[in-house]
Each structure stands twice: as C-alpha cells, then as structure tokens.
Amino acid sequence: QVQLVESGGGLVQAGGSLRLSCAVSGRTFRRDTMAWFRQAPGKEREFVAAISKSAGSTQYEESVKGRFTISRDNAKNTVFLQMLSLKPEDTAVYYCAATFKGWGTEVDLGDEYEYWGQGTQVTVSS
C-alpha cells in the first residue's frame, strides 16, 4: 500500500521561508508523478506544483511562480517544496499527492492523483 507523509509546516512571518517534505513508501517512488496541493479554510483545494518522474518537467500555479520550487530525491523516496517570500495568502494545509500515470497536460487536476497524504499546516502571519 502506498503511503505519503508530509512534514515541515509551521508558523512564519511574511517574507519568510519553509521547506516541506513528503516521504513516500509502498511502491517504486521514481515511477510516480508527484504534486503539491493546498486548501485554505472554506476554500476549494488548489494546485500548487507538480514534478515528473525523472524531474525533467515541472509545473506551478501562477501565484507561486518564482517563489516556490518543487524537487525530488528518488534515492530517498522524498519530494520537497521549497517556499520563499511567503505571503499571508499562502496560509493553508498543504497536501502531497502521487500518481502512477505519466506526465501529461492535466497534472494540475486533483482527480488525476491516486494517493494523498494527510497534510501539513502552513501559517504565514502579517
């Protein structure tokens, strides 16, 4: 069974940084496309970033381009989200997701992902 466990969330001031981690177990990590989504209270789940199996392709939501970087270490079965210049509007629960499907044009859709973590809270104060 595939399991995803997020960590690295916390409380930071606006302009600060955090690095989220997602540890994957239960299958060959290098075969999965990985993504981060987030959900703020009372709002719909939102795509943040995705990375292909070999890290050759990435995609970002417009509001985080230039500030967030998604990466992966296949040897350690871990995907990361480095977040810089954090803003209060980045406050949300961040979820890691995985799919065995290949990289395509719909990596920003939550329905494309087969496995999800339980989330880690990110709070950015003003």
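How many bridges join β7 to β8, and in which sense do the two strands run? In this predicted model, the answer is six bridges, with β7 and β8 running antiparallel. Within that pairing, R72 has V79 of β8 as its bridge partner. The two strands belong to an open sheet of four, ordered β1-β3-β8-β7 and paired in the antiparallel sense. At the edges stand β1 (3-7) and β7, each with a single partner strand, so one side of each has no neighbour in the sheet. From one strand to the next, the twist averages 15 degrees.

Stepping back to the whole chain, the protein has 11 strands and zero helices. Its radius of gyration is 13 Å, close to the 14 Å that the globule rule gives for 126 residues, so the protein is as compact as a globular protein of that length. The C-alpha trace spans about 40 × 25 × 25 Å along its principal axes. Of the 126 residues, 40% count as buried. Among contacts with a separation of 6 or more, 59% come from residues 24 or more positions apart.

A second set of pairings involves β11. Strand β2 (residues 10-13) pairs with β11 in the parallel sense over four bridges, and V12 has V124 as its bridge partner there. Strand β9, by contrast, runs antiparallel to β11 and is joined to it by three bridges; here Y94 stands opposite T120. Strands of a sheet can pair either way, parallel or antiparallel, through backbone hydrogen bonds. The side chains of β11 alternate: T120, V122 and V124 point to one face and are buried, whereas Q121, T123 and S125 point to the other face and are not buried. Such alternation between the two faces of the sheet is what a regular strand shows in general.

Where do the buried nonpolar side chains gather? The largest nonpolar core has 27 residues, and those with the most contacts inside it are M34, W36, L81, M83 and Y94. Two or more residues each come from β3 (18-25), β4 (33-39), β5 (46-51), β7 (68-73), β8 (78-83), β9 (92-99) and β11 (120-125). Another core, of seven residues, lies apart from it, with F37, A50, V107 and Y113 among its members. Y94 thus appears in two roles, as a residue with many partners in the largest core and as the residue opposite T120 in β11.

A search of the whole structure finds one disulfide. It is formed by C22 and C96, whose sulfur atoms are 2.2 Å apart. Because C22 lies in strand β3 and C96 in strand β9, the pair ties together parts that are 74 residues apart in sequence. The torsion about the S-S bond is about -85 degrees, so the disulfide is left-handed. Both cysteines, C22 and C96, are buried.

One charged residue also deserves a look. Residue R67 is found in the loop between β6 (58-60) and β7. With a relative accessible area of 10%, R67 is buried, since this value falls under the 20% cut-off. Leaving aside neighbours within four places in sequence, R67 is in contact with Q82, M83, L84, S85, L86, K87 and D90. Of these contacts, M83 is also one of the residues with the most contacts inside the largest nonpolar core.

How values were computed:
Residues numbered from 1 in each chain as written. Predicted model: local features only at pLDDT ≥ 70, side-chain atom pairs only at ≥ 80, totals over all residues. Heavy atoms only, no water. Core = buried A, V, L, I, M, F, W, Y, C linked by side-chain atoms within 4.5 Å. Buried < 20%, exposed > 50% of the residue type's maximum accessible area, 1.4 Å probe, protein only. Pairing = 2+ DSSP bridges. Disulfide = S-S within 2.5 Å. Contact = heavy atoms within 4.5 Å. Axes fitted to C-alpha atoms, helices over the stretch in contact; angles between N-to-C directions. Rg over C-alpha atoms; globule rule 2.2 N^0.38 Å.
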